[in-house]
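Visitor: I have not looked at this one before. Can you put it up and take a few questions?

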Amino acid sequence: MANLPWRIRVRLLTILKTTALALGVLLVVLLAAGIYTSQTGPSLQPWHTWTGHEMSAREIDKASFGDYLAQEKSVFLDLQTEVTNKLVGDEKTPLSRYYRNSPVWSGQFLDDGNRSFVLMPEGHPRGVVVLMHGLTDSPYSVKSIAIDYQQHGFIAVVPRLPGHGTAPGALTRVQWEDWLAVTRLAVREATRLGGKGVPLHLVGYSNGGALVMKYALDSLNDTSLRQPQQIVLLSPMIGVTAFARFAGLAGIPAILPAFAKSAWLNIAPEYNPFKYNSFPVNAARQSWLLTKALQQQMSEAARQNQLAALPPVLTFQSIMDSTVSSRAVVNTLYNVLPANGSELVIYDINQAASFRPLFRPTSYDAVNALLPPAPRRYGTTVITNASPNTFATVARSTPAGERDENVQPLGISYPADIFSLSHVAIPFSPSDDLYGSHPADPRRYGINLGTISLRGETSVLVVSMDSLMRVTSNPFYDDMVARINQRLPRCTDCDRPDTSTITPAR
């Protein structure tokens with residue numbers, strides 16, 4: 001800087017001072033918000049302060065899948081000893097997943113969706129698939145798709161990510177590198193079970209989508225990592241909100257015990273047996289760090305022309321998604337993919353909804369605003385109303401490299417009471433017993449979250465209306481699975497085993 005003219009030096013110093021001041025103000029605001037939060041709102045419960053002892057990334061890379069399952073079993077035993085068995089008084093609420101006598105206590109279910117599991121097909125496997133669940137979620141969220149793969153002759157390996165499936169306090173210590181290490185571990189286990197001679201598919205939901213994409217990119221330069229032949233993404237976390245970048249600063253006051261609650265962005269009752277409702281600062285921070293690493297790696301691989309070796313990517317994304325960035329899916333991922341048979345399936349808003357006048361004006365044409373003009377190197381399919389006056393839906397498909405759009409009726413009606421899909425709806429069937437709008441057995445897991453329809457005054461409930469109004473199942477689920485199955489090796493004699501229960505992997 002000493003060699004620059006004095007006017008430029010003065011200008012640069014002014015810019016640096018202004019930037020430093022702005023960052024200082026932001027830090028003060030975040031710290032103040034953290035301190036305020038620590039003095040208001042619900043109190044921390046035992047499941048917020050218990051952290052468990054998960055394997056680190058270094059330990060996972062040296063472990064077998066059996067070793068990981070043994071440690072997982074130890075973590076669940078510790079949760080039972082230190083949380084479930086020690087609850088007292090008001091902590092024993094009727095709808096607490098940690099209260100032994102609650103109908104949503106997961107310990108009573110034969111198919112505990114919180115634990116890792118492996119599904120084996122009948123006969124010789126035609127392929128292997130690794131399915132990664134999302135942030136605050138559990139293996140349950142990808143169970144139905146795992147079953148479909150199993151029915152088509154695939155070995156399905158579904159690991160529980162560290163910090164998940166137990167108590168939300170476990171997410172206060174985990175790092176995203178631990179999750180990526182489990183992704184590598186699951187691929188090693190799938191290869192051990194099925195061999196290297198069959199196709200490898202990777203399926204990722206939300207945060208799991210970022211993990212499988214990161215693994216696929218790593219495998220381009222690391223010969224020790226097996227390369228996949230197909231990637232399937234469901235509401236993938238390719239980009240998150242800018243707030244997550246600074247979320248770690250908001251939790252700084254938690255260093256002091258008096259401000260422990262500032263380590264949490266949300267503290268809520270835990271009534272969902274297979275997903276956390278509370279959300280710690282560290283979870284937001286780790287998701288942002290993961291997506292930042294993914295975006296940088298995608299950009300670098302594109303500059304070096306390495307993406308030609310990536311397998312086809314099939315993605316299902318709601319145009320309205322308040323959890324991840326739909327724009328990042330297009331700009332960061334699809335717009336840099338090679339012409340390799342990839343496809344993006346987008347679920348539009350319900351253009352025929354009677355409450356359409358209440359929509360934000362930008363919602364009507366959100367799909368066209370999101371997608372670049374055709375032709376594109378990837379195919380696109382938009383699931384939308386046949387016209388603004390009908391609930392009948394069509395698939396508007398534009399093949400890669402073409403401009404003309406093909407329109408096919410789906411034979412599926414957009415439910416009149418749904419104005420859009422949501423981030424959390426994509427992987428769940430309407431018949432899902434926990435999240436489905438038409439559950440096969442609504443009492444199977446003690447509660448059904450897909451049929452809740454509450455009316456009353458807002459001050460009565462102990463949970464936010466936002467969490468209750470999001471649609472929790474995908475009315476186009478069967479069509480989505482059919483599109484996934486089109487990417488599978490031909491299977492004409494697959495047996496359809498009894499999958500009424502799923503037991504944890506042994």
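Visitor: Which residues make the nonpolar surface patch?
Guide: This is a predicted model. In it, L454, V460 and L461 make a nonpolar surface patch of about 250 Å².

Visitor: Where is V460 found?
Guide: V460 sits in the loop between β12 (406-413) and α12 (465-469).

Visitor: And is V460 buried or exposed?
Guide: V460 counts as exposed, because its relative accessibility is 61% and the cut-off for exposed is over 50%.

Visitor: Switching to charges. How many salt bridges does the structure hold?
Guide: There are 15 salt bridges in the structure.

Visitor: Let's take K143. What does its side chain meet in a salt bridge?
Guide: The K143 side chain meets that of D111, with an N to O distance of 3.7 Å. K143 lies in helix α5 (residues 143-151), while D111 is in the loop between α4 (65-82) and β1 (117-119), so the pair ties together parts that are 32 residues apart in sequence.

Visitor: Is K143 buried or exposed?
Guide: K143 is buried, since its relative accessible area is 10% and buried means under 20%. D111 counts as buried too, at 6% relative accessibility.

Visitor: OK, on to D218. Which residue does D218 pair with in a salt bridge?
Guide: D218 pairs with K214, and the N to O distance between their side chains is 2.9 Å.

Visitor: Where do those two lie?
Guide: Both D218 and K214 lie in helix α7 (residues 207-218). They are four residues apart, which is about one turn of the helix.

Visitor: Buried or exposed, that pair?
Guide: D218 and K214 are both buried.

Visitor: What about E343, which residue does it form a salt bridge with?
Guide: E343 forms a salt bridge with R487, and their closest N and O atoms are 3.5 Å apart. This pair links distant parts of the chain, 144 residues apart: E343 is in strand β9 (residues 343-347), and R487 is in the segment after α13 (477-485).

Visitor: How does R487 count, and why?
Guide: R487 counts as partly exposed because its relative accessibility is 22%. That value falls in the range between buried, under 20%, and exposed, over 50%. Its partner E343 has 18% relative accessibility and therefore counts as buried.

Visitor: Last one. Which residues are joined into one network by salt bridges that share partners?
Guide: The network joins D111, K143, D433 and R444. D111 and K143 are the pair from earlier, with the salt bridge at 3.7 Å.

Note on methods. Residues numbered from 1 in each chain as written. Predicted model: local features only at pLDDT ≥ 70, side-chain atom pairs only at ≥ 80, totals over all residues. Heavy atoms only, no water. Patch = residues over 30% accessible without salt bridge, like charges linked within 9 Å, V, L, I, M, F, W, Y side chains within 5 Å. Areas by Shrake-Rupley, 256 points an atom, 1.4 Å probe, with all protein chains shown as cover. Salt bridge = Lys/Arg side-chain N within 4 Å of Asp/Glu carboxyl O. Buried < 20%, exposed > 50% of the residue type's maximum accessible area, 1.4 Å probe, protein only.
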